[in-house]
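Please open the model in your viewer and keep the sequence panel visible beside it. The tour below proceeds by selection, and each stop states what is to be found there.

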Amino acid sequence: MTHPFATRQIPFFLTASAPCPYLPGRFERKVFTRVEIGEGPALNDALTHAGFRRSQGVLYRPACEACDSCKSVRVDAESFEWKRRWRKILNRNDELRVSVETQTATMEQFDLLSRYLDSRHGDGDMAGMSFGEYVMMVEEGAQRTHVTEYRDADGVLRAAALTDVLKDGLSLIYSYFDPDWDRRSLGAYIILDAIRQAELAGLPFVYLGYWVRESPKMSYKAQFQPLQVLTPSGWQLHAELANHEDEDEHDGFD
């Protein structure tokens with residue numbers, strides 16, 4: 001009998017309750033385990049498929065009391081709907097040169113990240129991150145990981161994405177971009193490029209982390225269809241779940 005990772009018992013831990021960053025007035029808890037050298041890729045594969053998310057050398061998922069709003073989602077890259085709006089974003093950024101680097105953090109990347117955080121997430125958990133912490137974010141964890149860089153025609157770094165390579169897809173861990181290029185829709189472009197990379201590599205999915213329907217910060221992920229949502233019954237199409245929820249909301253009121 002084979003196993004996807006070492007057969008030792010995996011220890012899991014539970015964080016203390018803290019304010020939810022997505023839904024005001026609610027509190028979050030997380031269950032997590034540390035990634036040991038030697039089993040990182042296999043453990044990352046298995047737990048990401050089960051709804052976990054990687055952060056440095058830790059894999060975690062929400063374990064909130066009386067709330068299950070955070071849903072793991074992934075894009076079906078093989079059947080992705082390349083709508084006109086997506087093609088326009090690709091064309092708008094056609095000049096960008098894409099390179100997939102090794103698992104190495106650079107000061108150039110960190111400078112861009114700092115500008116992005118100051119502009120977009122000045123009050124977030126990552127605000128004030130040091131270069132040493134950024135190095136840990138990129139290089140710690142023993143995964144199949146790379147940093148995708150996006151440079152303009154002059155070679156200036158305009159965007160980057162920390163990406164894990166899984167057996168069945170790409171997992172976008174964190175992406176950031178030049179806030180001065182806001183009109184380029186670089187956030188969406190990075191996801192679209194990951195979908196293209198997955199298609200070229202023959203990988204069926206792009207994992208986008210957690211989607212929170214009620215949160216403006218996270219709701220954008222539902223635009224990338226077909227999207228699959230992890231439910232207690234397994235991965236299901238978002239469109240089917242949305243139709244079911246709409247029927248429930250209108251039941252008895254038509």
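**The second largest pocket**

Begin with the second largest pocket, which has a volume of about 420 Å³. Please bear in mind throughout that this is a predicted model. Select Arg61, Pro62, Asp68, Cys70 and Lys71, which lie nearest the centre of the pocket among the 23 residues that line it. Next, colour the elements that give two or more residues to this lining: strands S3 (27–28), S6 (58–62), S7 (70–76), S12 (205–212) and S13 (227–231). Which of these strands gives the most to the lining? It is S7, with three residues. If the lining is coloured by class, 14 nonpolar, four polar and five charged residues appear.

**From the pocket to strand S13**

Keep S7 selected and add S13; the two strands pair in the antiparallel sense over three bridges. Locate Val75, whose bridge partner in S13 is Leu227. Is S13 largely enclosed or open to the outside? Four of its five residues are buried, so S13 is largely enclosed by the rest of the structure.

Now extend the selection to strand S14 (residues 234–237), which pairs with S13 in the antiparallel sense over four bridges. One bridge to display is that between Thr231 and its partner in S14, Gly234. S13 and S14 form a hairpin, with two residues between them.

**The nonpolar cores**

Return to Val75 and show its surroundings. Leaving aside residues up to four places away in sequence, Val75 touches Phe80, Ile195, Pro204, Phe205, Val206, Leu208, Phe224, Pro226 and Leu227. Val75 also belongs to the largest nonpolar core, which has 49 residues. Within this core, the residues that touch the most other members are Val75, Leu113, Tyr134, Tyr176, Val206, Leu208 and Phe224. Helix H5 (residues 186–201) supplies the largest share of the core, nine residues. Another core lies apart from this one; it has eight residues, among them Leu23, Phe32, Tyr60 and Met218.

**The four-stranded sheet**

Two members of the smaller selection, Phe32 and Tyr60, lead to the next stop. Select strand S4 (residues 30–34) and S6, which run antiparallel and are joined by five bridges. Phe32 has Tyr60 in S6 as its bridge partner. Then show the whole open sheet, in which four strands follow the order S1-S4-S6-S5 with antiparallel pairing. Which strands form its edges? They are S1 (13–14) and S5 (53–55), each of which pairs on one side only.

**Strand S9 and its neighbours**

Move to strand S9 (residues 145–151). Seven of its seven residues are buried, so S9 is largely enclosed by the rest of the structure. Colour its two sides separately: Thr145, Val147, Glu149 and Arg151 lie on one, and His146, Thr148 and Tyr150 on the other. Both faces are covered, and all of these residues are buried.

Add strand S8 (residues 97–100), which pairs with S9 in the antiparallel sense over four bridges. Here Val100 stands opposite Thr148. Then add strand S10 (residues 157–166), which pairs with S9, also in the antiparallel sense, over seven bridges. Val147 has Leu162 as its bridge partner in S10. S9 and S10 form a hairpin with five residues between them, and Gly155 in the turn has a positive phi of about 85°.

**Two residues to compare**

Select Gln109, found in helix H3. Is Gln109 buried or exposed? Its relative accessibility is 1%, and because the limit for a buried residue is under 20%, Gln109 counts as buried. Its contacts, not counting residues up to four places away in sequence, are Thr104, Tyr134, Val147, Glu149, Leu157 and Tyr176. Val147 and Glu149 were seen at the previous stop, on one side of S9.

Finally, select Ser130, in the loop between helix H3 (107–120) and helix H4 (131–139). Ser130 has a relative accessible area of 33%. That value lies between the 20% and 50% limits, so Ser130 is partly exposed. To end the tour, draw a line from the C-alpha of Ser130 to that of Phe110: these residues are 20 apart in sequence and 8.6 Å apart in space.

Notes: Residues are numbered from 1 along each chain as its sequence is written. This is a predicted model: local features need pLDDT of at least 70, side-chain atom pairs count only at pLDDT 80 or more; totals for chains, interfaces and linings use all residues. Side-chain values use heavy atoms; hydrogens and water are left out. On a 1 Å grid over the protein atoms alone, a cavity is a set of points where a 1.4 Å probe fits but cannot get out, and a pocket is an open set with protein on both sides within 12 Å along at least five of seven lines; lining residues have an atom within 4 Å of a point. Grid points are joined across faces, edges and corners, and a volume is the space filled by probe spheres set on the points. Ala, Val, Leu, Ile, Met, Phe, Trp, Tyr, Cys and Pro count as nonpolar, Asp, Glu, Lys and Arg as charged, and the others, Gly among them, as polar. A nonpolar core is a set of buried Ala, Val, Leu, Ile, Met, Phe, Trp, Tyr and Cys residues joined through side-chain atoms within 4.5 Å. Buried means under 20% relative accessible area, exposed over 50%, partly exposed in between (1.4 Å probe, protein chains only). Contact means heavy atoms within 4.5 Å. Two strands pair if DSSP finds at least two bridges between them.
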